[in-house]
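Trainee: Could you walk me through this one? I'd like to know how its parts fit together before I go back to the bench.

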Amino acid sequence: MTRPDKPPLYLAIDQGGHASRALVFDDAGHGVAVSKVAIKTTTPAPGFIEHDPDLLALSIDLAIHAVLEDVEPERVRAAGFAAQRSSVVCWDRESCEALSPVISWQDTRAASWLAALDVPGGLIRRITGLVPSAHYGASKLRWCLDHLSPVREALDDGRLAWGPLASFVLFRSLEDRPHVVDPAIASRTLLWDRSTGDWSPTLLKLFGLPSAPLPQCVPSRHAYGHVRDIPLTVMTGDQSAALFAGGEPGPDEACVNIGTGAFVQRVVDDESADPAELLRSTVWRDDERAISVLEATVNGAGSALTQVAGQLQLDPTGIGELLERKGEIPVFLNGVSGLGSPWWVTDFESRFVGTHAGGAASWQRLVAVAESI
């Protein structure tokens, strides 16, 4: 219960591609406390990008524990959770044991399977607002079903739960053990029908996936359960949350958010304003309203800087100083994790072109990567 002599506090939990964070804010939106726990990303094979599900879930628990140590927990009135949108995982609903790695949104292991799938023209776009892409969840779940025997065995036994990473984290972290998902994250599976707000039987059949293991689709604002006795009342994707950082966005505003990937979003109401090269993404949906945006993506942002800086043996945190240097800079064709909008090429080969290309100085090449973002 909130102490009557002190104003309430609010807990925000953020699970991203590089770290899990927990933040506490007062009712004016001012930061009171913050905790960050880094997570590890592995690349066991070309196109495979993964996180350890147990360590990732632990990172969130550690971040929450640390940030609540710095405040009076009884003052924390409610919590919200934002997570990577297109990452998926499979687990045992009885034991909570993970049956697959966390397959990152950047992962494209199922790209060739998806490319060979006979998809009627415009079907996925019409139902989901997205383009067919191995970055989204459906083909990843199909890969798990086809390649991981524990997943198939759990399905046969009626023990399988699968879906977005956020659903797994809530199942592990909340005392209530909910198996749910919000609209913003559900929409990144290629299985969610934006007209009904629920799973699409047509797309489940197309991808050959059973519906029983999927989480229940619920509104963005919902009684999700409790974390450390604090009610979790809002869940959304990381990019969706960024859009609201300055308050509810209007149609005359655009949001640019740069993290592991980079994303540009603008609120739109008119369905006719729907260029095929961009995504129409759901960012909020409850009983009162639905908010969608046009979205453009650069898949390799922070991930591209980290990757190339590692190859060049440079510290990517020094990029600000490098950008101030003068000199001729090559062009970096950025296909890290695939080429995003407006081309949507999964296996695009990144390369330097132009002024001295790969022979340019290391700092010049790192600047070229920053400029590509």
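Here is a short run of questions and answers about this predicted model.

Trainee: Let's start with a strand. How many of the nine residues of strand β18 are buried?

Mentor: Strand β18 covers residues 290-298. The strand is largely enclosed by the rest of the structure, because the count of its buried residues is seven.

Trainee: Which strand forms a hairpin with β18?

Mentor: Look for a partner in the antiparallel sense, with six bridges between the two strands. One of the matched pairs is Thr282 with Ser292, the latter sitting in β18. Four residues lie between the two strands of the hairpin, and the partner is β17.

Trainee: And on β16, which residue stands opposite Ala296 of β18?

Mentor: β16 spans residues 262-267 and runs antiparallel to β18, with six bridges joining the two. In this pairing, the residue facing Ala296 is Val264.

Trainee: Now the inside. Which helix gives the most residues to the largest nonpolar core?

Mentor: That core has 78 residues, and Leu11, Phe81 and Leu191 touch the most other members. The biggest helical or strand share of this core is seven residues, and the element that gives them is helix α1.

Trainee: Leu191 caught my eye. Which Trp does Leu191 touch?

Mentor: Leave out anything up to four places away in sequence, and the contacts of Leu191 include Ala138, Leu141 and Phe207. Asp198 and Ser200 are on the list too, and between them in number comes Trp199.

Trainee: How many residues are in the second, separate core?

Mentor: Among its members are Val308, Ile319, Ile329 and Trp363. The count for this second core is 16 residues.

Trainee: On to charges. How many residues apart are Lys6 and Glu72?

Mentor: Their side chains meet in a salt bridge, 3.0 Å from N to O. Lys6 is in the segment before β1, while Glu72 is in the loop between α1 and β5. The pair therefore links distant parts of the chain, with Lys6 partly exposed at 31% relative accessible area. Along the chain, the separation is 66 residues.

Trainee: Which residue joins Lys6 and Glu72 to complete their network?

Mentor: Glu72 is partly exposed, at 21% relative accessible area. Its side chain also meets a second basic side chain in a salt bridge of 3.4 Å, N to O. That second partner counts as buried because its relative accessibility is 13%, under the 20% limit. Salt bridges with shared partners make one network here, and the residue you want is Arg75.

Trainee: What about Arg109 and Asp107: buried or exposed?

Mentor: The side chains of these two meet in a salt bridge, at 2.9 Å from N to O. A search of the whole structure finds twelve salt bridges. As for Arg109 and Asp107, both are buried.

Trainee: Last one, on the surface. Which residues make the nonpolar surface patch of about 280 Å²?

Mentor: One of its members, Leu58, is found in helix α1. Leu58 counts as partly exposed because its relative accessibility is 41%. The full set making the patch is Leu55, Leu58 and Leu62.

Definitions and conventions. Residues are numbered from 1 along each chain as its sequence is written. This is a predicted model: local features need pLDDT of at least 70, side-chain atom pairs count only at pLDDT 80 or more; totals for chains, interfaces and linings use all residues. Side-chain values use heavy atoms; hydrogens and water are left out. Buried means under 20% relative accessible area, exposed over 50%, partly exposed in between (1.4 Å probe, protein chains only). Two strands pair if DSSP finds at least two bridges between them. A nonpolar core is a set of buried Ala, Val, Leu, Ile, Met, Phe, Trp, Tyr and Cys residues joined through side-chain atoms within 4.5 Å. Contact means heavy atoms within 4.5 Å. A salt bridge is a side-chain nitrogen of Lys or Arg within 4 Å of a carboxyl oxygen of Asp or Glu. Patches are made of residues with over 30% relative accessible area and no salt bridge: like charges are joined within 9 Å, nonpolar side chains (Val, Leu, Ile, Met, Phe, Trp, Tyr) within 5 Å. Accessible areas come from the Shrake-Rupley method with a 1.4 Å probe; for residues, only the protein chains shown count as cover.
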